[in-house]
Amino acid sequence: MSGDSASTIVYVSNAGSAEISVLRLEDDGALKPVQTVDTAGAVMPLTTGPGHRHLYASLRSEPYSVVCYEIDSGTGELTEQARVRLPDNMAYLSTDRHGRFLFAASYSGNVVSVNPIGPDGIVGSEPSVVLATPPHAHSVVVDPSNRYLFAASLGGDVLLQYLFDQVTGVPILNVPPRVPTLPGAGPRHLVFHPDGRWVYVANELDGTVGGYEFDTGTGCLTPIGTYSAIPEECAEPWAAEVRLTPDGRYLYVSERRSSTLAGFRVAADTGALEPLGHTATETCPRGFDIDPSGRYLLAAGQESDALTVHAIDPDTGALTICGRQELGRDPNWVEIVELR
């Protein structure tokens, strides 16, 4: 492709039909099917490495594995490179900022792991380390500097803080090693604000978002606020994903019981969240993502087997439906990349 052209590609994992849907997102929000990839397993979390040359997919049916795909730079199509066993049933994948290590978190196994990634993008079969966590590790994310690592323990109501050795790939617990959430909150997924000053955590069990100030010198988090992400009529919260627009102005959280997306405006000076209300979306929106331009939010309905495209109003953060695409069964993760 030419240097001034780009394609926005959407990857959706469909666990029930054991496939990955590859779609192209057009400038007007329309979706065009590109490819359907048979994974031969219950595929769930996805992640891409830096430069979007490789995609990694976790299979949560035995044998628990990561499938390594090469991404075609022109079309976004996937070519399988390898299948590598993982230490456990992994509910979350991410990479370090240089694409040299794959992080994984196991909800059922109560561990996080680190595996090396070779220059060819293939994950090494022997983990650098497997670390025990409090119950139900649900995400693991490195900070923008690649020096600190954080894991959310849903059952332990804590965020784990690590120092990350970029040479060996081995995390070491920071001081303090844990930041507690509210009792019964159930921290699930966390995301860094684009400017690196704040971290936000979707709490699955009480339907809140926790905001934290991030100290870049110590690698430690300090709570700054807790915000409800559920509609008033939702009696039994079940929050899932949290994402920020690329400019950091708006934050969204999906809530599965009410099938809604909660929106917030992010205060530029304090990181505090101002509620913007709730928008109906696909049934049981376990996974969603925001495209690199910040114009569209794409939410997958785990129980509706479809993907809705919501246009994001740049002035208000309001969401407006502008498209829909049927998918395979049990879509649960959305990953959007821009290819140049």
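Strands are DSSP runs of at least two residues, numbered from the N terminus. The model used in these exercises is predicted.

**Exercise 1. Overall build**

Task: State how many helices and strands the chain has, and decide how its radius of gyration compares with the globule rule.

Solution. Step one is the count: the secondary structure consists of 0 helices and 28 strands. Step two is the radius of gyration, which is 18 Å. For 340 residues the globule rule gives 20 Å, and the two values are close, so the chain is as compact as a globular protein of that length. Step three is the extent along the principal axes: the C-alpha atoms occupy a box of roughly 45 × 45 × 40 Å.

**Exercise 2. Burial, surface and charge**

Task: Find what share of the residues is buried, what share of the surface belongs to carbon and sulfur, and how far apart the mean positions of the charges are.

Solution. Begin with burial, for which the cut-off is under 20% relative accessible area. By that rule 57% of the 340 residues are buried. Next, take the accessible surface, about 13000 Å² in total, with 49% of it on carbon and sulfur atoms. Then turn to the charges: there are 22 positive and 42 negative ones, and their mean positions lie 2 Å apart. Last, look at the contacts between residues at least 6 apart in sequence; 48% of them join residues at least 24 apart.

**Exercise 3. The setting of L55**

Task: Place L55 in the secondary structure, classify its exposure and list its contacts.

Solution. L55 belongs to strand β5, residues 54-59. Its relative accessibility is 0%, so L55 counts as buried. With neighbours within four places in sequence set aside, L55 contacts Y11, I20, L46, T47, T48, V67, C68, Y69, I71 and L78. For a distance check, take S113: it is 58 residues from L55 in sequence, and the C-alpha atoms are 18 Å apart.

**Exercise 4. Two loop residues**

Task: Locate T316 and S258, classify their exposure and name what they touch.

Solution. T316 is in the loop between β26 (306-312) and β27 (319-326). The partly exposed class runs between 20% and 50% relative accessible area. T316 has 37% relative accessibility and therefore counts as partly exposed. Residues up to four places away aside, T316 touches Y250, R265 and L276. T316 and L276 are 40 residues apart in sequence, with 8.3 Å between their C-alpha atoms.

S258 lies in the loop between β21 (250-255) and β22 (260-266). With a relative accessible area of 22%, S258 is partly exposed. Under the same exclusion of sequence neighbours, S258 touches P231 and C234. R85 is 173 residues from S258 along the chain, and 36 Å separates their C-alpha atoms.

**Exercise 5. Backbone exceptions**

Task: Identify where the peptide bonds leading into P63 and P176 sit, and give their omega values.

Solution. Start from the background: most peptide bonds are trans, and most residues other than glycine have a negative phi. The bond from E62 to P63 is cis, with omega near -5°. P63 is in the loop between β5 and β6 (65-71). The bond joining V175 and P176 is also cis, with omega about 0°. P176 is within strand β15, residues 171-180.

Task: Find the phi, place and exposure of D157.

Solution. D157 is not a glycine, yet its phi is positive, at about 55°. D157 is in the loop between β13 (148-153) and β14 (158-164). At 17% relative accessibility, D157 falls under the cut-off and counts as buried.

**Exercise 6. C284 and the cysteines**

Task: Give the phi and place of C284, then determine which cysteine sulfur is nearest to that of C284.

Solution. C284, not a glycine, has a positive phi of about 60°. C284 sits in the loop between β23 (273-280) and β24 (287-290). The structure as a whole holds 0 disulfides. The cysteine sulfur nearest to C284 is that of C234, 12 Å away, and C284 is in no disulfide. The cut-off for a disulfide is a pair of cysteine sulfur atoms within 2.5 Å. As for exposure, C284 has 2% relative accessibility and so counts as buried. C322, at 36% relative accessibility, counts as partly exposed.

Technical notes. Residues numbered from 1 in each chain as written. Predicted model: local features only at pLDDT ≥ 70, side-chain atom pairs only at ≥ 80, totals over all residues. Heavy atoms only, no water. Buried < 20%, exposed > 50% of the residue type's maximum accessible area, 1.4 Å probe, protein only. Helix = DSSP H or I, 4+ residues; strand = E, 2+ residues; numbered from the N terminus. Rg over C-alpha atoms; globule rule 2.2 N^0.38 Å. Contact = heavy atoms within 4.5 Å. Areas by Shrake-Rupley, 256 points an atom, 1.4 Å probe, with all protein chains shown as cover. Lys, Arg positive; Asp, Glu negative; His and termini not counted. Charge placed at Lys NZ, Arg CZ, Asp CG, Glu CD.
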